[in-house]
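Thanks for coming. I will go through one model today, starting from a single residue and working outwards. Please have the sequence and the structure open.

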Amino acid sequence: MNLNILVVDDSRTVRAVIKKTLRVAKIPVGELIEAENGLVGLEKASSMSIDLIFADINMPIMGGVEMIERIRADQNLNQIPIVVISTDGSDERMSRLQKCGISAHLGKPFQPQEIRDVVCEIFGDIS
């Protein structure tokens, strides 16, 4: 199973790190799509076949929380698993994200095994 993965983060460097980490973690990636903010991420999620989203929270134009809320409100998108990768892990923020139905939260920095564990938790055996 190859996964089409959308990575939404305003940092080009972080997007590159996530891309490299997916490769190191041996995640079967079909297509890796990048977005620099939540608005672009929402547009790409709406127009492409996406299996999994990795999203930052704090971004310009549209942040991750608003993007996630809008994805969860859309019948065509609301089943896409979303993993938040962020340095912002405050209790208030995490409570709001849990209510939005995120699949997991990873802090920055993260390890390849953490990414693999989360993807396996969502999709089962991905070998």
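Is aspartate 56 buried or exposed? This is a predicted model, and in it aspartate 56 has a relative accessibility of 7%. The cut-off for buried is under 20%, so aspartate 56 counts as buried. As for its place in the chain, aspartate 56 is in the loop that runs between strand S3, residues 52-55, and helix H3, residues 64-73. If we set aside residues up to four places away in sequence, aspartate 56 touches Val8, Asp9 and Asp10, then Gly64, then Ile85 and Ser86, and also Lys108.

Now the sheet. It is an open sheet of five strands, and the order across it is S2-S1-S3-S4-S5, with parallel pairing. At the edges are strand S2, residues 29-35, and strand S5, residues 104-107, each of which pairs on one side only. From one strand to the next the twist averages 20°. As a reminder, the strands of a sheet pair through backbone hydrogen bonds, either parallel or antiparallel.

Let me take the S2 side. S1 and S2 run parallel and are joined by five bridges. Within that pairing, leucine 3 has valine 29 in S2 as its bridge partner. How many of the six residues of S1 are buried? Six of its six are, and S1 is mostly covered. In a regular strand the side chains alternate between the two faces of the sheet. In S1, Leu3, Ile5 and Val7 point one way, while Asn4, Leu6 and Val8 point the other way, and all are buried.

On the S5 side, strand S4, residues 82-86, pairs with S5 in the parallel sense over four bridges. One pair to look at is isoleucine 85 with its bridge partner in S5, leucine 106. Helix H5, residues 112-123, packs on the sheet and touches strand S1, residues 3-8, along with S3, S4 and S5. The direction of H5 makes about 140° with that of S3.

Staying with S3, I picked out two residues. Isoleucine 53 lies in this strand. Its relative accessible area is 0%, so isoleucine 53 is buried. Apart from neighbours within four places in sequence, isoleucine 53 is in contact with Leu6 and Val8, with Ala45, with Met67 and Ile71, and with Ile80, Pro81, Ile82 and Val83. Isoleucine 53 and isoleucine 102 are 49 residues apart along the chain, and their C-alpha atoms are separated by 9.9 Å.

The second residue is alanine 55, also found in strand S3. Alanine 55 has 1% relative accessibility and therefore counts as buried. Again leaving aside neighbours within four places in sequence, its contacts are Val8, Met67, Ile82, Val83, Val84 and Ile85. From alanine 55 to arginine 96 the distance is 15 Å, C-alpha to C-alpha, with their positions 41 residues apart in sequence.

Next, a helix pair. Helix H2, residues 38-47, packs with H3 at an angle of about 25°, and the axes are 9 Å apart. Angles under 35 degrees count as roughly parallel, so H2 and H3 are roughly parallel to each other. Their crossing is right-handed. Which residues meet there? Gly38, Gly41 and Leu42 come from H2, and Met67, Arg70 and Ile71 come from H3. By type, the residues of this contact are three nonpolar, two polar and one charged.

Last, some backbone details in the loops. The peptide bond from lysine 108 to proline 109 is cis, with omega near -5°. Proline 109 is in the loop between S5 and H5. Lysine 108, on the other side of that bond, is one of the residues that aspartate 56 touches.

Lysine 26 has a positive phi, near 60°, and is not a glycine. Lysine 26 is placed in the loop between helix H1, residues 12-24, and S2. The cut-off for exposed is over 50%, so lysine 26, at 66% relative accessibility, counts as exposed. Isoleucine 61 is not a glycine either, and its phi is positive at about 70°. Isoleucine 61 is in the loop between S3 and H3, where aspartate 56 also lies. With a relative accessible area of 68%, isoleucine 61 is exposed, whereas aspartate 56 is buried.

Terms used: Residues numbered from 1 in each chain as written. Predicted model: local features only at pLDDT ≥ 70, side-chain atom pairs only at ≥ 80, totals over all residues. Heavy atoms only, no water. Buried < 20%, exposed > 50% of the residue type's maximum accessible area, 1.4 Å probe, protein only. Contact = heavy atoms within 4.5 Å. Pairing = 2+ DSSP bridges. Axes fitted to C-alpha atoms, helices over the stretch in contact; angles between N-to-C directions. Parallel < 35°, antiparallel > 145°, perpendicular 65-115°, else oblique. Left-handed = near helix turned anticlockwise from the far one by under 90°. Nonpolar A, V, L, I, M, F, W, Y, C, P; charged D, E, K, R; others polar.
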